Amino acid sequence: MSKGFYQVPTAFNEPVKSYAPGTKERELTLNSFKEQYNTTVDIPLYIGGEEIRTGNTKDLFPPFDHKHKLGVYHEADKALVEKAIATALEARKKWAAMPWEHRASIFLKAAELLAGPYRAKINAATMIAQAKTLHQAEIDSACEFIDFLRFNVEYMTQIYSEQPASVDGVWNRLEHRPLEGFIYAITPFNFTAISGNLPSAPAMMGNVVVWKPAATQIYSARVIVEVFKAAGLPDGVINVVYGNSGMITDTLLASPDFAGIHFTGSTGVFNSMWAQIGQNIDKYKTYPRIVGETGGKDFVVAHPSACPKEVAVALTRGAFEYQGQKCSAASRAYVPASLWNQVKEYMTADLATIKMGSPEDPSNYVSSVITEASFDKLAKAIDQAKADADAEVILGGKYDKSIGYFIEPTVILTTNPKYATMETELFGPVLTIYVYEDAKWSETLKLVDETSIYALTGAIFSGCRYAIVEATEALVNCAGNFYINDKPTGAVVGQQPFGGARASGTNDKAGSILNLLRWVSPRTIKETFVPATDYKYPFLG
Ligand SMILES: NC(=O)c1ccc[n+]([C@@H]2O[C@H](COP(=O)([O-])OP(=O)(O)OC[C@H]3O[C@@H](n4cnc5c(N)ncnc54)[C@H](O)[C@@H]3O)[C@@H](O)[C@H]2O)c1
Ligand SMILES: N[C@@H](CCC=O)C(=O)O
């Protein structure tokens with residue numbers, strides 16, 4: 001039991017290291033890359049304290065070198081998924097009663113382990129599994145993950161300290177109980193930080209979790225498991241399963257103890273799980289919390305008063321860093337005719353200098369996309385644009401999967417503002433640009449609003465304050481993260497809470513107090529010091 005009103009250390013953003021030639025961090029990470037690349041892994045399921053190897057294995061390959069086998073992971077069957085539920089519920093008996101400051105301590109320790117001894121390992125694993133460059137791995141698996149842990153600890157204490165008023169003779173208290181049951185965390189391939197945050201945020205609030213990482217991220221997920229273990233997270237609080245996604249999800253969502261889902265991934269998968277939860281609603285002991293951050297079709301709109309160089313750089317970085325595989329990536333842009341030639345010249349010059357290849361070579365700015373399926377989908381969209389009369393591939397457009405799944409950073413120019421790649425999320429290094437007449441600024445804002453089902457991120461570039469005001473209002477429902485004169489990627493925990501609405505998710509803002517509130521069920525406690533001893537009102541005599 002707590003014996004003090006503790007204050008946690010003030011959260012701060014982990015500084016991003018430079019990885020410049022000759023730096024220690026560069027040497028450590030590249031050494032770890034080599035070592036991990038040449039070691040075969042045999043990744044088990046983690047249920048309670050057990051590492052379970054079923055013998056039912058799948059091979060792991062880096063997407064930039066798909067003939068290099070990294071090892072295997074073991075798949076769960078239905079009985080093991082049920083075992084994960086039972087193990088989580090057993091662990092809940094002690095974990096839900098763990099004093100909050102000890103939960104805080106565990107996750108603060110995890111943050112420090114990531115900032116220090118595990119930094120090179122988790123960054124290198126992310127580079128290998130997800131084809132991230134040094135810088136992209138650093139801002140994700142080290143810095144953002146550390147930030148999630150530090151800031152969530154601070155938000156947790158804010159939640160606990162916010163208390164109701166009490167009048168004379170009464171003490172009102174509010175306690176925030178973990179949800180009654182287990183949480184299903186289901187995570188995407190593209191951010192190791194999101195993979196770490198989705199199970200740990202509910203766990204920090206006293207919940208137990210069954211976590212299913214994306215198959216393509218299991219290789220770096222194993223390092224997350226290692227870090228949580230080293231930080232002292234008790235067995236059974238976070239249990240990790242992989243295998244057939246449909247079977248795992250069906251089994252978990254059918255449990256009467258299912259208390260919530262913490263999802264990040266595509267809109268279609270989230271929608272199907274929401275429907276399934278609806279069908280199962282009579283089974284559950286408590287209404288489950290449904291939290292999902294999903295797809296995007298993120299925009300950049302330039303006003304004629306914008307600086308063309310700034311627009312071009314925002315497009316290059318926003319669309320092509322990490323091969324356009326950020327949910328926030330710029331994938332449609334609206335550029336005024338008066339700026340277009342300059343924007344195009346700057347982008348052409350910049351893209352000509354971008355190198356693509358293995359993330360092990362730090363001079364490569366981009367690497368491969370994640371899977372063959374993604375490669376094929378992107379190649380098909382590029383070919384279609386080459387064939388269509390209302391579209392033209394003006395930059396990039398080449399692809400090659402002989403060694404890895406490499407797609408050149410590609411720019412499509414369209415004369416049709418509703419062209420397929422202006423509307424559909426492709427999730428890769430393909431940017432589509434529509435050039436509008438300068439006089440049609442207000443109509444263009446309407447077009448931005450009406451073109452996509454998503455509302456995740458968006459950016460406007462303008463040197464005119466009136467245009468900024470107009471766009472901020474006209475695009476009020478188009479993005480949960482809205483940028484003025486900046487690229488639409490790179491939200492920082494504690495600074496720009498992240499998430500979108502419409503088909504982009506429930507907008508519960510990962511890494512914020514709003515998200516943590518979804519993982520607790522408040523109980524109000526009223527204590528009366530001197531209870532009444534007479535039933536009559538005073539005026540009844
Ligand atoms: N809004 C955000 O904050 C955010 C952040 C990152 C990624 N994303 C989105 O995630 C997507 C890319 O990630 P992804 O390719 O890993 O997404 P995905 O939807 O394919 O996979 C996400 C998770 O769902 C699982 N899954 C896939 N099919 C399933 C099924 N039929 N039943 C149950 N589970 C299933 C996967 O194994 C994985 O664990 C993009 O749409 C991107 O916009 C959104
Ligand atoms: N939070 C990240 C995107 C996460 C989704 O992939 C960003 O802001 O770029």
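# Two ligands, a helix and the cysteines

Trainee: Starting with ligand 2, how far is an oxygen atom of this ligand from a polar backbone atom of G490?

Mentor: In this predicted model, the distance from an oxygen atom of ligand 2 to a polar backbone atom of G490 is 2.8 Å.

Trainee: What about S328 and C327, and how far are they from an oxygen atom of ligand 2?

Mentor: For S328 the contact runs through the side chain, where an N or O atom lies 2.7 Å from a ligand 2 oxygen, whereas C327 offers a polar backbone atom at 2.9 Å from an oxygen of the ligand.

Trainee: And how much of ligand 2 does the protein bury?

Mentor: On its own the ligand would expose 280 Å², and the protein buries 97% of that area.

Trainee: Which residues surround ligand 2, and what classes do they fall into?

Mentor: Besides the three we have just discussed, the surroundings of ligand 2 include N190, F191, K326, T489, A491 and F498; sorted by class, the shell holds 4 nonpolar, 4 polar and 1 charged residues.

Trainee: Switching to ligand 1, which residues come nearest?

Mentor: There are 25 residues around ligand 1, and those that come nearest are T187, K212, S266, T294 and E425. By class, its shell divides into 12 nonpolar, 10 polar and 3 charged residues.

Trainee: Where do backbone atoms meet oxygen atoms of ligand 1?

Mentor: T187 has a backbone N or O atom 2.7 Å from an oxygen atom of ligand 1, F189 has a polar backbone atom 3.1 Å from a ligand 1 oxygen, and for G265 a backbone N or O atom lies 3.3 Å from an oxygen of the ligand.

Trainee: How much of ligand 1 is covered, and which elements give two or more residues to its shell?

Mentor: Taken by itself, ligand 1 has 840 Å² of accessible area, of which the protein covers 82%. The elements giving two or more residues to the shell are α8 (245-253) and β10 (258-264).

Trainee: Let's stay with α8, then: which of its residues are buried, and what covers them?

Mentor: The buried residues in α8 are M247, I248, T249, T251, L252 and L253, and the cover over the buried part of α8 includes α2 (78-95), β7 (182-186), β8 (208-212), β10 and α9.

Trainee: What caps the N-terminal end of α8?

Mentor: N244 does, with a side-chain oxygen placed 2.9 Å from the backbone nitrogen of G246.

Trainee: You mentioned α9; where does S272 sit, and what does its side chain contact?

Mentor: S272 belongs to helix α9, which covers residues 267-279, and a polar atom of the S272 side chain lies 2.9 Å from the backbone oxygen of V269. An α-helix has 3.6 residues a turn, so residues three or four places apart point the same way.

Trainee: Why is S272 called partly exposed?

Mentor: Its relative accessible area is 41%, and S272 is classed that way because this value falls between the cut-offs of 20% and 50%.

Trainee: New topic: how many disulfides does a search of the whole structure find?

Mentor: The search finds 0 disulfides. C143 is in none, with the nearest cysteine sulfur, that of C327, 18 Å away, and C478 is likewise in none, since its nearest cysteine sulfur also belongs to C327 and is 17 Å away.

Trainee: Are those two cysteines, C143 and C478, buried or exposed?

Mentor: C143 is buried, at a relative accessible area of 3%, and C478 also counts as buried, at 3% relative accessibility.

Conventions. Residues numbered from 1 in each chain as written. Chains lettered and ligands numbered in written order. Predicted model: local features only at pLDDT ≥ 70, side-chain atom pairs only at ≥ 80, totals over all residues. Heavy atoms only, no water. Near = heavy atom within 4 Å. Polar contact = N/O pair within 3.5 Å; in protein donor to acceptor, adjacent residues only side chain to side chain. Areas by Shrake-Rupley, 256 points an atom, 1.4 Å probe, with all protein chains shown as cover. Nonpolar A, V, L, I, M, F, W, Y, C, P; charged D, E, K, R; others polar. Helix = DSSP H or I, 4+ residues; strand = E, 2+ residues; numbered from the N terminus. Buried < 20%, exposed > 50% of the residue type's maximum accessible area, 1.4 Å probe, protein only. Contact = heavy atoms within 4.5 Å. Disulfide = S-S within 2.5 Å.
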